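Here are my notes for you to read with the model open beside them. Please follow along in the viewer as you go.

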Amino acid sequence: MVERLGRWSSGRGPLYVLLAARLRTLIEDGELPPGSRLPPDRALASALAVGRSTVVAAYDQLVVEGRIVRRQGSGTRVAGAAPAPPRATTDAPAFLHLLEPQDGMIMLACAAPDAPPVELVEAYTRTVPRLAGITADIGYHPMGQPALRHAIAERYRHRGVPTTPDQVLVTTGGQQALSLLARALLRPGDRVLVETPTYPGALEAFREEGAVLRGLPVGLTGFAGAAAEHRPVLAYVTASYHNPTGAVMPALHRRRLAETAAAAGVVLVDDEVLADLGFPGESAPPPLAAYHDQVITIGSLSKVAWGGLRVGWVRAPSRVVARLARLRAVHDLGGNVPAQLAAADLLAQLGTLQHRGAAERKARHDHLRAELARHLPDWHVPAVPGGQTLWVRLPRGDGTSFTQAALRHGVAVLPGTGLDAGGGSAEYLRLHFIATPDDLTEAVRRLATAWRGYHPQPGRVPSMPTMAI
């Protein structure tokens, strides 16, 4: 329920009015259909880090409006007889923050560069003559524009992974790549092994297909035993600059994981969207596909260049790529050709962009950690060798209720439970450091203010297992 409520408290007015307004919207939109049971007053108040009176007043207002019914012994429910429920939509905070932007909110929840780099602008300029010269091409390319597929294949070849264009499918970003793979490879009830924690967009894509998720420590440590026990169809890993911990899987571990997955008949998906985000002097081992050609690799330009450049890809055996293309054709026939031409040009300039971006990301990483150490010294904030995020452990309380307090002070962060397939990692937050230094400074100031006023319910938060690499 907390995730469905999203940023309910970030508007103006009394908290009970804001809470009632958000619940009313969920009811009107069918997200809370008739007959749905609402949480008890105390439980919801604790999860939202507000007083019980706030929830009681919000519920009372909706009772007066006839939208909910409260009965002694049977709890609080949405008014009306329960119809067949509509298909569920996402309630993941990472997506809700994108769907419901708020003025004045500092977004440390969704990480991506906030402006296109000059290299991308120049790439578009250079592609205009090529675009003007296109003839006998209707522009529908479900597998991707040929020049870009060739450029991606060449990039893998230079990284030690021999690849042909028929092993590359261009997608509308890395998220579409995940969704296509889930649709192509999974059926309801299939088991999927994921890291704990991991990228929440992957969890949503797998759940959308009815998969049953099983978590392992970062690096999929214990994979062989878990594969024998659960018989998964697919395993998902971020081997380079892991989201959210920043961990990098050693080369020997990569080889062992790739070979073990192949021997067990488990499709291994290596998410390399963050692989180009090492700090100066840092480098990751080759992709997992360098150790076994059956590994499926996901890539994207959204993190190294700009989120608005919706160009990603899948590198996989050609038979898998052909199946993905048939699925993709039903939905959008192919991606934006001008963007793909620009992306093909940009790949040749990627080294310069990586070098400049690495220094900037490291500076912002150091700045955010320094500000947190100064204003919130009891938070545990390990350094990372690359990527975009910090995995922060709170000394008390839980990330879910604290994110509600943070929202009321104008900062959006992700609670750890949303990145954990089993709902664990309750004592963690994910913060990104891609914002400007001024915004990071102000964000920490607001977080510190929220923390001083944060008084969680007494109780011990479960510890998270050690994340061996």
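1. Let me begin with an acidic residue, D293, which is partly exposed, with a relative accessible area of 37%. Please keep in mind throughout that this is a predicted model. D293 forms a salt bridge with R315, and the closest N and O atoms are 2.9 Å apart. The acid sits in the loop between β9 (267-271) and β10 (296-300), while R315 belongs to strand β11 (residues 312-315), so this pair ties together parts that are 22 residues apart in sequence. Is R315 buried or exposed? R315 is buried, with a relative accessible area of 0%, whereas its partner D293 counts as partly exposed because 37% falls between the 20% and 50% cut-offs.

2. How many salt bridges are there in the model? The count comes to 21. Besides the D293 and R315 pair, you may like to look at R24, E28, E65 and R67, which are linked in a network of salt bridges.

3. The loop between β9 and β10 has another residue for you to find, P280. Leaving aside neighbours within four places in sequence, P280 is in contact with A358, A359 and K362. P280 and P385 are 105 residues apart in sequence, yet their C-alpha atoms are 8.9 Å apart in space.

4. Next, please turn to helix α14, which covers residues 350-375. This helix lies across β12 and β15, and runs at about 20° to β12. Within α14, the side chains of E371 and R374 meet in a salt bridge, with 3.3 Å from N to O. E371 and R374 are three residues apart in helix α14, so about one helical turn separates them. E371 is buried, at 9% relative accessible area, but R374 is exposed, at 56%.

5. The strands under discussion in point 4 belong to a sheet. What is the order of its strands? The order is β12-β15-β14, in an open sheet of three strands with antiparallel pairing. The edge strands are β12 (389-393) and β14 (414-415), each of which pairs on one side only. Two bridges join β14 to β15 (residues 428-432), and these two strands run antiparallel. To check the register, look for L414, which stands opposite R430 in β15.

6. For a parallel pairing, go to strands β6 (residues 191-196) and β7 (residues 212-217), which pair over six bridges. One position to inspect is E195, whose bridge partner in β7 is L216. From β6 the chain crosses through helix α9 (residues 200-208) to β7, in a right-handed β-α-β crossover. As a reminder, strands of a sheet pair through backbone hydrogen bonds, either parallel or antiparallel.

7. Helix α16 (residues 437-452) holds both R445 and E442, three residues apart, about one turn of the helix. Their side chains meet in a salt bridge, with 2.6 Å from N to O. R445 counts as partly exposed at 43% relative accessibility, and E442 counts as partly exposed at 23%. R445 is also worth viewing together with H375: the two are 70 residues apart in sequence and 7.2 Å apart in space, C-alpha to C-alpha.

8. My last point is about aromatic rings, where the structure holds eight aromatic pairs. In one of them, the rings of W379 and W451 have their centres 5.4 Å apart and their planes at 85°, so the pair is edge-to-face. W379 lies in the loop between α14 and β12, and W451 in helix α16, so the pair ties together parts that are 72 residues apart in sequence. Both W379 and W451 are buried. F402 and Y454 form an edge-to-face pair too, with 5.3 Å from centre to centre and 70° between the planes. F402 lies in helix α15 (residues 399-407) and Y454 in the segment after α16, so this pair ties together parts that are 52 residues apart in sequence. Both F402 and Y454 are buried. Which residues form one aromatic cluster? The cluster is made of W379, F402, W451 and Y454.

How values were computed:
Residues are numbered from 1 along each chain as its sequence is written. This is a predicted model: local features need pLDDT of at least 70, side-chain atom pairs count only at pLDDT 80 or more; totals for chains, interfaces and linings use all residues. Side-chain values use heavy atoms; hydrogens and water are left out. Two strands pair if DSSP finds at least two bridges between them. Helices (H or I, at least four residues) and strands (E, at least two) are DSSP runs, numbered from the N terminus. Contact means heavy atoms within 4.5 Å. Axes are lines fitted to C-alpha atoms, for helices over the stretch in contact, and angles run from 0 to 180 degrees between N-to-C directions. A salt bridge is a side-chain nitrogen of Lys or Arg within 4 Å of a carboxyl oxygen of Asp or Glu. Buried means under 20% relative accessible area, exposed over 50%, partly exposed in between (1.4 Å probe, protein chains only). A crossover is right-handed if, with the strands pointing away from the viewer, the path from the first strand over the helix to the second runs clockwise. Rings of Phe, Tyr and Trp (its six-membered ring) pair if their centres lie within 6.5 Å; planes under 30 degrees apart count as stacked, over 60 as edge-to-face and the rest as tilted.
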